[in-house]
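Student: I've got a new model open and I'd like to learn how to read it. Can you walk me through a few features?

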Amino acid sequence: MEHILGKLNPAQREAVINTEGPCMVIAGAGSGKTRVLTYRIAYLIEKMGVDPFNILSLTFTNKAAREMKHRIGVVIGNSESQNIWMGTFHSVFSRILRSEATKIGYPSNFTIYDTEDAKKLITNIVKEKNLDKDIYKAKTIQGRISGLKNNLITPKMYDRFPELREQDEASKTPLFREIYETYCERCFRSGAMDFDDLLLKTNELLATYPEVLAKYQDRFRYIMVDEYQDTNHSQYIIVKALASRFENLCVVGDDAQSIYAFRGANIRNILNFQKDYPDAKMFKLEQNYRSTKNIVLAANSLIAKNKHQLEKDVWTENNSGDRILVHKSLNESEEAKYIADKILDHSRNEGLGYEKFAILYRTNAQTRALEEAMRKRGMPYRIYGGLSFYQRKEVKDLLAYLRLAINPNDEEALRRTINYPARGIGTSTQDKVVYLANEKKVSLWEILANINQFSNTFNKGIVAKLANFVLKIQNYGEMVKAGRTAEEVAEEVAKNSGLLPELAQDKTPEGISRYDNVQELLASIKDFVENEVAKEEGDPGLENFLSEIALITDADTQAENNEAAVSLMTIHQAKGLEFPYVFIAGMEENLFPNIMTLTSRTDLEEERRLFYVAITRAEKKLYLTYCHTRYRWGKLLDNEPSRFIDEIDDKYLDFEIPEFSPMTSPRLFGAPTPANNSYRQATKSKDMTTNQTSEKQATGGAYAPNRKNLRPLTKSEPAGTGHVISLSVDDRVIHDKFGRGVVTNVEGVENNTKITIRFEKAGEKTLLMKFAKLRKLG
């Protein structure tokens, strides 16, 4: 192990070798915490002789768990690393629940409902109760249920808190509790748990069955939790219970990067760790290996403004680098053009691929102008946080059939498949089935499986159709019971259900894309089976496959960006990522910090931590951009620069503040011209909140920095247009970045012509012809 320990700095080494008792590792941004966690586990196994089966390592993404397991395997061998209990909270505790499910009344093959499944079930319940769907919005109700579950408040517990009912009455949803209770009952009847149930039911299991708690306390003698600042109350209670016997608990995190309060994360879990464990050791990883000195010190000067934090002093031996450049634009279109041109400049002048650049923003609404600027310049880009592959309708349709093969009581899967492809089982018939199931308090499947008993409710033709559907699902279930692989079952279901033939009939580009997506799902199932067969004790069955994909998180669907494309994402989605060049757009008061989230100092500190996370994504160069005017909520609004810019020490900033001439007056964009249209310079105050009035008078509403840090503006060269070729649908072309493809659509004329191409490897792209640099193939 000494050759491995030699790769660590002193603070990292101490965090690795101090294995006994509780400890907290405060890991600043870019400080190598993954290496510490990896080597700590390897040290426990190799040096301390701990059985891998006795180690529990909890992460926040499956991707992080896979990477860590791979790194550990390199050190101690893959055979032993596979025996560590490592994964997300949800994946680890779903594994425990499947072993112990019968104790709490669930089948071991319970279905896991994702957010969309949960919202659909809530929508159905609201409809059945004849409530106003515009008041009882599924998304809002689902979010409230999630928040209550994460705080261990069940429908019965709800009644102990009068303030909860008062809140619901104030929000004009007095029947929320009734919906919540019905939702839980329906999930139970369906043999289904939602994501929050995986934690809630684990808590119930450990609290109700002391022997089960003792069993897992004895098994998990060493527990490690990554991103501890992002744990919620439910996760906190589980970890505390499991660690209470041996107290060999190591938590790793950074309070300065706690940004998920809206998901229930409780920063007090990390701030109060030493109160929970008075004897806990603390190790601080303060050396940043990612960013330049200017970026690190600028981030430090910002986060120092937060009152509630653990003291640390992040530093780096990297070079000083450039100052952070603050640029003001007239409006969001000009801001987007500035960012796109800067990326083009860096890419050309420094020979950089587009994957080296990221544009971060506070809200998804900011993407429109940014995308438009990218498209006009023919620049490839990728937006994170779009529709996940597993959320596409055609993919969910096939998965629903597969879910029924495992658990026919699954209500949401049954509703999705009962009349798709169409088999003459209409809405009125489905409503009758739902009514009977609710009346008898059984699952929809139990009604269908005994449909002959209800011949007085349904006519013979409908009974026959329902019976055929039941037989189809039962046949799929028999394949599973017979031990057929996930691949064999899926191939049969895709054809026999009528899904593939249905999709194959649609020859439109969208239809072809849907067909391809189902084929891609079948290919992924084939890969899964091959990987499981190659394992010593692998399980290529359908139930194992469905368990794996049900636990995929948003972060897991964001595969490595290997293509040369600019990354566009919200700051929340950027957590854990890093890029050489980062642009943070929309640095305006009320946008960032966001006025929709600011109700207290606690909220403000979370917004400041979010900005800290954004800054620390940058390795080499960071830009902050803001606009004089921006369209929001259907109005053109004048903006103040974000207070957060003022909170960064001047010495780490340079400014580009153009003087807008009358020809570029906001009047041209529908806003009145300020009294003083030339934006003069004023001294940057140390407290913008107390000096904004004088600054507005001096600058016509614009914030102006110290002149000493001003840089002369340089014109960016526009993207070259080159020779524009003539193309038609079905022409074959080649592109420098995307390779070979076929033209599927051409629209517009002359310089505004847009062309859509289906590339062999890069998929479908829409490019502006004059920037596309295409070559026509014979």
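**Reading the model, feature by feature**

Tutor: Sure. The accessible surface of the chain is about 35,000 Å², and carbon and sulfur atoms hold 49% of that. Keep in mind that this is a predicted model.

Student: What does the secondary structure of the chain come to?

Tutor: You have 34 helices and 22 strands here. Of the 778 residues in the chain, 54% are buried. Take the contacts with a separation of 6 or more: 74% of them link residues 24 or more positions apart.

Student: Let's zoom in on a helix. What span should the 14 residues of α11 have at 1.5 Å a residue?

Tutor: The expected span for α11, residues 176-189, is 20 Å, and its end C-alpha atoms are 20 Å apart, so the two agree. After α11 comes G191, with a positive phi near 60°.

Student: Which residues of α11 are buried?

Tutor: First the general idea: an α-helix has 3.6 residues a turn, so residues three or four places apart point the same way. In α11, the buried ones are F176, R177, I179, Y180, T182, Y183, R186, C187 and R189.

Student: And how many of the 14 residues of α3 are buried?

Tutor: Eleven of them, so α3 is largely enclosed by the rest of the structure. Among those buried residues are K33 and R40, along with V36, L37 and I41. Helix α3 covers residues 33-46 and reaches 20 Å from its first C-alpha to its last, close to the 20 Å expected.

Student: Now a pair. How do I describe two packed helices?

Tutor: You give the angle between their axes and the distance between the axes. Try α20 (residues 393-406) and α24 (residues 460-481): their axes come within 7 Å and cross at roughly 70°. Angles from 65 to 115 degrees count as roughly perpendicular, and α20 and α24 are therefore roughly perpendicular to each other.

Student: Which residues make the contact?

Tutor: From α20 it's Y401, L404, A405 and I406, and from α24 it's F469, I473, Y476, G477 and V480. By type, that contact has eight nonpolar residues, one polar and no charged.

Student: Last one: is I571 buried or exposed?

Tutor: Buried: its relative accessible area is 1%, and under 20% is the cut-off. I571 sits in helix α30, residues 571-574.

Student: What does I571 touch?

Tutor: Leaving out residues up to four places away in sequence, I571 touches L360, Y361, R362, F592, L610, V613 and A614. For a distance to check yourself, the C-alpha atoms of I571 and I615 are 9.6 Å apart, with their positions 44 residues apart along the chain.

Notes. Residues are numbered from 1 along each chain as its sequence is written. This is a predicted model: local features need pLDDT of at least 70, side-chain atom pairs count only at pLDDT 80 or more; totals for chains, interfaces and linings use all residues. Side-chain values use heavy atoms; hydrogens and water are left out. Helices (H or I, at least four residues) and strands (E, at least two) are DSSP runs, numbered from the N terminus. Buried means under 20% relative accessible area, exposed over 50%, partly exposed in between (1.4 Å probe, protein chains only). Contact means heavy atoms within 4.5 Å. Accessible areas come from the Shrake-Rupley method with a 1.4 Å probe; for residues, only the protein chains shown count as cover. The expected span of a helix is 1.5 Å times one less than its number of residues. Axes are lines fitted to C-alpha atoms, for helices over the stretch in contact, and angles run from 0 to 180 degrees between N-to-C directions. Angles under 35 degrees count as roughly parallel, over 145 as roughly antiparallel, 65 to 115 as roughly perpendicular and the rest as oblique. Ala, Val, Leu, Ile, Met, Phe, Trp, Tyr, Cys and Pro count as nonpolar, Asp, Glu, Lys and Arg as charged, and the others, Gly among them, as polar.
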